[in-house]
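Take a moment with the model below. Turn it around before you read on.

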Amino acid sequence: MNRSFSSVSRSWVLALGVSLSLLSGVAMAERAPMPPLPSPSGIDFPKNLGAISDGTQAQSQPANSPQVGEKFLWNSANSDPYNFVSIPDKEASVLIQRAGEQWRVIRNGVITVYGAWLLAIAFFGISALFIIKGPIKLHAPLSGQKIKRFNGFERFTHWVMAASFIGLAVTGSLILWGKYFAMPLMGGVAYGTFLNICKNIHNYSGPLFTLSVVIFFLLFATRNIPGQGDLTWIKSFGGMFGGKHPPAGFFNFGEKIWFWFGMTFLGLVISGSGFVLDMIVPFMEVQYIRGTMQLANIIHSSASILMTAMAMGHMYIGSIGMQGSSDGMMTGYVDATWAKEHHELWYDKVNK
């Protein structure tokens, strides 16, 4: 959680760069000829809904003509609008969903390809930063004086969220990309069994991640409200311009961006779409039809990949990327030298 101004800015520059790469990829993909996107539900309802219930829509088609009968039969099966069925499940009347092919193109094209590039750029960018510059050192020796930064419950919540997120990221990556490298090595049967285990871990870890995000938000929201020092942090871009860390409170502005956008916004988007995919959305009625699941899958995958890329920078700065940054979440205490250098406004407030 503890990061210096300049290091945080580097991670955000990295995140911005890879985000632009993703947007570029999307733009490139949009240039390729693609069929029209599906409606939000994935199903284009016919205007005359009354014709569905009594089957007149299907009966009105010229299926009886031998010249067009074969074409009509194929169009009836390969269509998004409902045809007639005598069972309650109206979606069963759509044998082949055309919108499903459009979802497949987006998932296996934009998300799979450009998502992999985004994570690869983030990983190798952070690795290059560590190899070239090494960890960020303090400018003064450690004082030995300890200042309490996090209590036990705050650290427990953080580590539950971190563990569940890592589990979700690993299993989610195997679900999305595993067929390209794991299945050739394991074989189809073993990979299928392994993927089923990953799916169950993913599904049961999801609610735990959501709960930890909500608790973490309640614990730290007030400390992430924009305040004194944030404007200075923005003007100096976290200390990149001027060579000096701008004074910051308990969290600097870069950490606040991660809290509000990375953890809270993306975390809740991932949780909400994951609940739809698990079909466990509480307090409201959701139609778990194919179109809904496909839209939820696109949102879930895109938000998860973006959050994973940003989390790489967060984990790097909070561990090996900065001297003393892991102490707060590991022990609950930080050295006074670290506190004064990276969070001077908070340090002054504590020592009044």
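Which residues make a nonpolar surface patch of about 450 Å²? Keep in mind that this is a predicted model. The patch is made by four names to find: Phe 130, Ile 131, Ile 132 and Ile 320. Look for Ile 320 in the loop between helix 10 and helix 11, the latter covering residues 327-331. Phe 130, Ile 131 and Ile 132 fall within helix 5, which spans residues 98-133. So the patch leads us to two helices to follow, helix 5 and helix 10.

How do helices pack? Two packed helices are described by the angle between their axes and the distance between the axes. Try this on helix 5 and helix 10. Their axes lie 10 Å apart, and the angle is about 0 degrees. An angle under 35 degrees counts as roughly parallel, so helix 5 is roughly parallel to helix 10. Now sort the residues of this contact by class. There are 17 nonpolar, 8 polar and 1 charged.

Stay with helix 10, residues 290-317, and turn to helix 9, residues 253-278. The axes of these two come within 8 Å. They cross at roughly 150 degrees. Angles over 145 degrees count as roughly antiparallel, and therefore helix 9 and helix 10 are roughly antiparallel to each other. Their crossing is left-handed. The residues of this contact divide into 16 nonpolar, 9 polar and no charged.

Finally, look for charge pairs. How many salt bridges does the structure hold? The count is 3. One salt bridge joins Glu 101 and Arg 104. Their closest N and O atoms are 3.0 Å apart. Both residues sit in helix 5. Glu 101 and Arg 104 are separated by about one helical turn, because they are 3 residues apart in that helix.

Conventions. Residues numbered from 1 in each chain as written. Predicted model: local features only at pLDDT ≥ 70, side-chain atom pairs only at ≥ 80, totals over all residues. Heavy atoms only, no water. Axes fitted to C-alpha atoms, helices over the stretch in contact; angles between N-to-C directions. Helix = DSSP H or I, 4+ residues; strand = E, 2+ residues; numbered from the N terminus. Parallel < 35°, antiparallel > 145°, perpendicular 65-115°, else oblique. Left-handed = near helix turned anticlockwise from the far one by under 90°. Nonpolar A, V, L, I, M, F, W, Y, C, P; charged D, E, K, R; others polar. Patch = residues over 30% accessible without salt bridge, like charges linked within 9 Å, V, L, I, M, F, W, Y side chains within 5 Å. Areas by Shrake-Rupley, 256 points an atom, 1.4 Å probe, with all protein chains shown as cover. Salt bridge = Lys/Arg side-chain N within 4 Å of Asp/Glu carboxyl O.
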